[in-house]
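Reader: I have a structure open and would like to go through it. Can we start?

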Amino acid sequence: MKTFEEKWTAWIDDQLTGRELEEFEASLPDKAAAQEEKQSAKKLGSLLREQMVPVLNNADFFSHQLRERLDHEGRRSPAHPAGTGWWTIRRLLWSGATALAIFVVCAVMVIRTKPASDQSEYLTQILNYRVDPALSPNATITMFEKKDEHVTVLWVDGLRSLPPEYATK
Amino acid sequence: MERRALLLIAILTIALMSSSVATRGEQTVWSGIIIATNSGPPEPTPTELTQIEATLRQLFGYTRLHLIGEARKTLKNGQEDWLATTKYFALRVDSRGQKDGAYVLNLKLLQEDKVLLETDAQLSKASPLVIRGPQIGDGQLVIVLMVQ
């Protein structure tokens, strides 16, 4: 069974006929006011239809554009599956192996280009030395290297001699 | 894609770090306080000195090498310090990192509370350092440092 609102909408759209129309019009409390409202609703409807025509004319164009875009996306997606990109597992492994190989080559080159002939680089070096002049006023210090044995010597002369008991553990 | 790139960077970083750690390694520095003399009962030369025994004999002219104090320190970060002591002497070593593959050390030879000698040295791994100290009786105080 139709509600009043449904019947009202159908009456405005001239969808009610026969007995149903008569009964509905009889149920209206103010038929004149209802007719006036029906006319204004019709006017509004025709006005809206006039305004919507250009929009509806463009509908096909937009739908065509949308289809074109979807087709384009669809054609492109198999070549570049989402979430994988350029970094496939195989490429990742190759990149890692290549980077490691470059590192090894560089390391070998650096090791080979080190000057092996410069022996002093491998010898211990004395950077500086000092004795307390108040404690050892006659002390002299000499530094030399015994390159054949790879030994560096700091030779201190003139320190005060000490008795044998200083040799205890 | 970003996750894989990050994974690649992480792998390379770990590879580089592990290679640098492998080349560095931990090393032990042995420091000894020795009396070189021609007198006293014969005794075997300390094993640490066998490598430079001939050099020491040739340098100082003594036949016997008697170890009176020693210390052995494993250097992990190159910033350690340690002490080799005898009854009257002490060798204080303060490591100050590495330079050109050698350890930079500050050495102080102390006689009781007096600093007899202070020196900064760059101790190379294949090159021992020998320091001639004061005369003691009829012998000679000798300090030796070497990377083992």
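Author: What follows covers the interface of the two chains and then one helix. This is a predicted model, where local features need pLDDT of at least 70, side-chain atom pairs count only at pLDDT 80 or more, and totals for chains, interfaces and linings use all residues. Residues are numbered from 1 along each chain as its sequence is written, and chains are lettered from A and ligands numbered from 1 in the order in which they are written.

Reader: How many residues of chain A are in contact with chain B?

Author: 42 residues of chain A are in contact with 43 residues of chain B (contact: C-beta atoms, placed from the backbone, within 7 Å).

Reader: Which strands pair in the parallel sense?

Author: Strand 3 of chain A does so with strand 7 (residues 129–136) of chain B, over 4 bridges. Strands are DSSP runs of E, at least two residues, and helices are runs of H or I, at least four, numbered from the N terminus; two strands pair if DSSP finds at least two bridges between them. A:Val153 has B:Val130 as its bridge partner in strand 7 of chain B.

Reader: New topic. Which residues of helix 2 of chain B are buried?

Author: B:Leu56, B:Leu59 and B:Phe60, in a helix of residues 53–60. Buried means 20 or more other C-beta atoms within 10 Å of the residue's own, exposed 12 or fewer, and partly exposed in between, with C-beta atoms placed from the backbone.

Reader: And which exposed residues are on the face turned away?

Author: B:Ala54 and B:Gln58.

Reader: What do the buried ones pack against?

Author: Strand 3 of chain A, together with strands 1, 2, 7 and 8 of chain B.

Terms used
Two residues are in contact if their C-beta atoms, placed from the backbone, lie within 7 Å.
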